[in-house]
Amino acid sequence: MIDVPIVLAGYGPVGREYVELIRRHRARWRDTYGADLHVVAVRGRQSQVRVDGAVPSRGQWDPAGEFAELLAGARVLAQAVPSDGSDQPALDALEALQQGAHVVTATKSHLLTHWRKLDKAARRAGRSVRISGATGAAMPAGDLARSVLRGFDVRAVQGCPNGTATFVLDQIAAGHGLAGAVVDAQRQGIAEADPTADLSGKDAATKLRLITGLLWGWDPADVAVAAEPIREPLPPVPEGHRLRQVASAQREEPGLVRVELRAEPAASTFGALLGPEKAISYDCGEAGTVAVSGGRSSPRGAALAMVKDTLGAVLEATTGFH
């Protein structure tokens, strides 16, 4: 039996779902996988709490202390903090790796800026950094790029990794204006309060940048982005097609991710997406095309991805991002 004490950084919607999933399914996962997952501490922006079972209400938390002390004895650091551009998630992850813990993260910002440093630290420590929650929530696009397609001649990757963009484009095609489509997406919990990153293509590009790091070892910090935003009027779409926000990268064009609005056949992998669904497709040369689609884009979906990564980190003998 592998004992897996976990320190969780971030207790928003994703963090709370992660804790609840582990609490509810701990015994089953212990019996099935031989790994006893349990959260032993939670860290917020300015407070923290030791955990033995259920997480106490925030009124019972202590002021935040030294993070290194909170990490002592942890086997995994799970990160579900906002991607606000702060260096703190990177500093926390590096501290965890130095102390011998794996890192599982749904936070994107420090992966874009500290990829090489995190990978080097993880390899030196013999630990893993898992990022499924940052590359597609419950859709296992990151797993394909990280390990499933290992040894395949992956020449290109493209996809619709932003569910908000797909939903909004379909709403506009149904006769709604852009503003109304965004409000509807927000009302249904699909879009963030600020949808700028979704509409501009920034979020789709970010996910592709991370996937190229897993696929080809590109440093996301060095990847340039050429993005076409969603704005009215939209380009015309031929009959039998649907407009999609497609992000793409090619191995022979290193250091560049493109995001464009593209008319896709309604029966194709991308055209067949409904609502906030997502999809990623890999051109694997002689092996053909391998695609993955679906997966819930929600706090529960991201939390499930983090659980999967937690189990993978402790059960598989891998280091770094691979």
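**Exercise 1.** In this predicted model, decide whether V40 counts as buried, partly exposed or exposed.

*Solution.* Start with the relative accessibility of V40, which is 21%. Next, recall the cut-offs: buried means under 20%, and exposed means over 50%. The value for V40 lies in between, so V40 counts as partly exposed.

Now place V40 in the structure. V40 belongs to strand 2, residues 35–43. Leaving out residues up to four places away in sequence, V40 touches P5, I6 and V7, and also V49, R50 and V51.

**Exercise 2.** Work out what span helix 11 should have, and compare it with the distance between its end C-alpha atoms.

*Solution.* Helix 11 has 15 residues. The rule multiplies 1.5 Å by one less than the number of residues. That gives an expected span of 21 Å for helix 11, and its end C-alpha atoms are 21 Å apart, so the two agree.

Then look just past the helix: G217 takes a positive phi of about 75 degrees there.

**Exercise 3.** Find out how helix 11 sits in the structure: how many of its residues are buried, and how many does it give to the largest nonpolar core?

*Solution.* First, the burial: 14 of the 15 residues of helix 11 are buried, so the rest of the structure largely encloses this helix.

Second, the core: it holds 49 residues, and V157, I280 and Y282 touch the most other members. Helix 11 gives the most to this core, with 8 residues.

Finally, follow one member. Beyond its neighbours within four places in sequence, V157 is in contact with residues including L208, I211, L215, I280 and Y282. Apart from this core lies another, of 30 residues, with L8, V42, W61 and V314 among them.

Key: Residues numbered from 1 in each chain as written. Predicted model: local features only at pLDDT ≥ 70, side-chain atom pairs only at ≥ 80, totals over all residues. Heavy atoms only, no water. Core = buried A, V, L, I, M, F, W, Y, C linked by side-chain atoms within 4.5 Å. Buried < 20%, exposed > 50% of the residue type's maximum accessible area, 1.4 Å probe, protein only. Helix = DSSP H or I, 4+ residues; strand = E, 2+ residues; numbered from the N terminus. Contact = heavy atoms within 4.5 Å.
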